[in-house]
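Hi everyone, thanks for coming. Let's have a look at the structure on the screen together.

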Amino acid sequence: MSCTCTHKLPTFQVAFFAILLLAMPIFVRAQGLAQIRINEYYWNTPLEKVLKDFRDKYKIQISWDSTLVKPFTLDYLFTNTPAPTAVDVVFRNNPEVGFFIDDKENVKVISRAILNASKLTAANQRYAGKPQKFNFTATGIVKDKLSGEPLPFASVLLRGTNRGCSSNVDGYFTLPNIPTDTSAIMVYYLGYYKQLFYLSPHADVNHIVILMDPLTTQLKTVEVKGQREDLLKASEGGNLIKMSPAKLAELPSLGEKDIFRTFQLMPGIGGSSGSSAGLYVRGGTPDQNLILYDGFTVYHQEHLFGMFSAFNPNAIKEVQLYKGGFEAKYGGRLSSVMEIIGKTGNDQKFNAGIDAGFIGVNAYTEIPLKGKGSVFLAARRSYKTFLYEKIFNSFNQDNTGPSVPKPAGVMPGGMQRMIEEQQPTSYFYDLNAKVTYNVTDKDIVSASFFSGQDYFDNSRDMNHSRGGLSVSGGITDLTKWGNWGSSMKWSRKWSEKLYTNNLVSISDYTNSKDRSDSRTIIKEDGTSSAFNNGSIEDNGLKDFCMKTDNEWKWNDHNQVEFGAQYNHYDINYKFTQNDTLSILNMKDKGDLLALYVQNRLNPYDKKITLVPGIRLSYFNSTGKPYAEPRFQSSVNLTKELKIKASTGLYYQYANRIIREDIQSGSRDIWVLSDGNKIPVSSAVHFIAGASYETRDFLIDAEGYYKRLSGLTEYTLRFSHSFGEKVDYSSLFYDGSGYTKGFDLLIQKKFGKLNGWIGYTLSRTRYNFPVYGDGYFSASQDVTHELKLVAIYKIKHFTLSGTWVYSTGLPYTQPLGGYVLTMPDGTTQSVIIPGTKNAARLPDYHRLDLAVKYDFTMGESGKGAIGFSLFNVYNRKNVWYKEYTVDETGLTETNVNLLGITPNLSLTLQIR
């Protein structure tokens with residue numbers, strides 16, 4: 001719909017706007033160079049045309065020699081870019097032309113040779129005088145240039161060498177044995193431009209601050225060649241993947257940007273479970289992953305029955321995932337480690353943003369604390385739309401329609417049958433809060449909070465009369481699950497060589513399901529009868545933790561890392577049927593104390609990296625000590641070619657085990673090992689591989705083998721002893737297993753078209769003697785998995801597509817079933833299970849497409865509109881199979897995953 005209106009402006013208004021337009025250049029100039037924002041798109045544009053735009057449209061006082069800049073062109077999209085940053089982008093990698101800004105904010109474009117000869121030290125310019133200091137150590141911090149946030153795990157290298165280090169979790173770094181005070185430092189951080197920082201004799205080498213420019217929506221090639229823009233980086237160290245949360249919107253999504261769904265597109269991480277955002281890493285299960293959010297463990301990481309991860313990408317600054325073979329500083333898990341660092345917020349100025357789509361709304365704000373710190377707040381909540389209900393109904397296919405009884409035919413004997421339909425209530429939300437305060441230049445204190453909760457209520461009253469009977473009561477169908485956690489951290493930089501992080505945290509996981517039916521039936525003669533049936537299931541876990549992590553930069557070749565950790569676990573699980581029959585009632589507490597030490601050894605000019613380490617633990621529930629030796633290594637054979645290997649022993653004390661249910665699908669429950677019926681589980685990792693990386697491409701290949709022991713399952717399939725009392729607490733069964741496989745990644749990192757191909761060949765087998773002799777396929781076993789990801793950028797648009805293929809998951813196929821009449825006249829369905837996981841679901845494949853348009857709102861902010869299409873060709877992928885038994889026999893039903901599903905999203909960022 002459009003509307004056209006005409007209105008004649010009064011003469012005084014015309015005069016006012018004319019004066020305003022004439023005065024605009026004065027206002028633009030008066031606001032200062034740093035306040036000017038550039039919003040332009042250039043494609044193969046002559047550099048002189050770019051400079052003229054800067055001068056004429058944005059009133060930047062800039063001068064140049066036409067013959068000097070004539071050979072060069074620029075390809076770049078400036079989106080609300082500060083003028084000094086924009087000028088730096090234009091010239092930062094030009095070998096012949098440079099610039100400097102004088103004290104009156106005039107930009108002078110001159111030959112780089114003249115620039116160096118004149119010893120000018122403008123931003124990113126080399127000091128050309130003689131060095132005055134030799135062989136010294138520099139310390140500093142890496143920060144976001146716009147927000148002032150510290151950037152953890154940045155790569156800090158001495159230019160022209162392989163020597164370097166990484167910034168720690170708070171952004172601090174120590175770089176020893178710098179040859180001269182005119183050397184240059186190169187800093188890399190995912191989602192940011194690489195930054196070249198020149199030292200000078202006048203610089204304070206004990207308090208270096210390196211400011212990184214965030215990547216704009218689209219960068220690249222200049223004669224002034226730009227840097228690549230990575231969504232994921234898989235080449236740093238063995239088995240390590242880093243991701244830029246700010247780039248998630250480039251990929252197709254099912255209603256919400258999702259860090260877990262993005263990691264699922266990498267080889268070695270299961271991506272064929274359209275029903276779960278959980279991470280199945282190299283044959284492991286989600287509970288075998290250590291998920292750390294600002295230092296505390298998150299035990300439940302999913303929303304909406306597993307469709308989305310519970311982590312808000314707008315609240316996350318850095319994510320890194322170790323796919324296996326991880327270091328001694330991490331413990332308590334068998335498979336992988338994901339470390340998530342929450343945003344600290346902008347410590348320079350107020351900032352806010354909001355996302356809205358067909359699933360929910362997501363808002364955040366950043367509040368500075370007068371240059372001493374910041375406050376960050378974020379909240380996300382779902383609301384009911386067609387997309388939310390479509391996803392919800394795929395998990396609850398029987399729960400639709402209003403709560404109105406209606407006739408549904410006549411049963412044998414003339415009794416009328418009624419069906420009641422109910423519209424359930426469902427939603428999810430998560431909250432993030434973080435306060436950071438710089439007490440001194442050596443001390444930082446921070447407090448972080450996270451809460452992710454889901455709620456489902458399909459309860460209803462049952463009050464009606466029919467056939468002379470009056471029925472009163474109701475059905476309770478209530479499920480609540482989630483995790484909240486909080487941490488307080490004190491970071492202290494004792495010296496240029498020693499840094500300490502002390503942390504106290506708590507994590508609280510709950511999962512309660514009440515599915516019960518309570519009714520009273522009153523007959524015409526006034527007699528009544530009451531009955532209760534159904535089940536109640538409650539699972540809770542509390543984890544209180546204290547830990548200290550220390551980094552000691554011993555010398556140029558050794559960084560010793562050591563620490564201690566204490567955990568107190570309080571885990572309970574209660575499962576009751578028919579109101580009175582207690583199947584399980586477990587209440588367990590345990591204390592775990594761990595010490596670790598490891599040495600990050602870099603001999604031979606950083607071409608070799610060795611990380612030997614050991615973790616020693618004592619678990620009071622078993623009364624035993626546990627030693628976990630670890631070792632990681634990598635060797636740079638050439639600048640492009642690297643080989644790597646790692647191994648280690650790992651123990652897990654709190655496990656989420658499978659409670660097998662053939663009829664309606666298995667459930668997972670958290671329990672604490674006791675060394676008896678629930679043993680401490682363990683794994684041994686062996687990993688080896690190689691990577692070949694150039695500026696444009698990465699080829700990474702790894703083979704792996706994991707040996708598992710102390711696995712536990714709980715099943716009722718062997719409890720059918722009619723007329724006999726069953727000891728349900730004895731139905732835990734232990735086993736062992738192994739995983740072996742091969743991962744291959746081919747990634748194009750640079751250019752308008754980029755993306756990757758990922759392939760995994762793997763086998764995961766378990767051996768539980770209770771199920772029979774020999775090994776069977778684990779429920780998460782996938783033999784072949786192929787993933788294709790493509791991202792194409794053109795002007796303000798980003799087009800992307802993903803395609804995932806995998807062989808089918810295994811499942812247990814029943815041999816048959818029958819209805820058994822009990823002595824009291826009631827009936828019970830009995831299903832005879834076949835060989836454990838001997839059958840396979842059909843192969844899984846799915847295509848997703850997306851388009852995103854980026855726009856600016858002047859100096860007030862920026863935004864994006866995105867449209868995605870999930871499962872484009874409407875593939876009917878089978879989630880699992882359900883079985884029912886009646887007088888006619890066994891009926892099998894395929895429960896399918898989502899078909900074709902569209903989504904529209906809007907993102908706004910206000911500054």
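I141 has V209 as its bridge partner, and V209 sits in strand 12. Before going on, a word on where this comes from: it is a predicted model, where local features need pLDDT of at least 70 and side-chain atom pairs count only at pLDDT 80 or more, while totals for chains, interfaces and linings use all residues. Residues are numbered from 1 along each chain as its sequence is written, and side-chain values use heavy atoms, with hydrogens and water left out.

Back to our strands, which are DSSP E runs of at least two residues, numbered from the N terminus. Strand 6 (residues 134–144) runs parallel to strand 12, and 5 bridges join them; two strands pair if DSSP finds at least two bridges between them. They belong to an open sheet of 3 strands, in the order 9-6-12, with mixed pairing. Which strands stand at the edges? Strand 9 (172–180) and strand 12 (208–212) do, each with a single partner strand, so one side of each has no neighbour in the sheet. From one strand to the next, the twist averages 40°, using axes fitted to C-alpha atoms and angles from 0 to 180 degrees between N-to-C directions.

Now please find N555, in strand 32 (residues 528–555). N555 is partly exposed, at 30% relative accessible area; that term covers the range between buried (under 20%) and exposed (over 50%), with a 1.4 Å probe and protein chains only. N555 and N177 are 378 residues apart in sequence, and their C-alpha atoms are 8.6 Å apart in space. The N555 side chain also reaches the backbone nitrogen of H557 at 2.8 Å.

Technical notes. Helix = DSSP H or I, 4+ residues; strand = E, 2+ residues; numbered from the N terminus. Polar contact = N/O pair within 3.5 Å; in protein donor to acceptor, adjacent residues only side chain to side chain.
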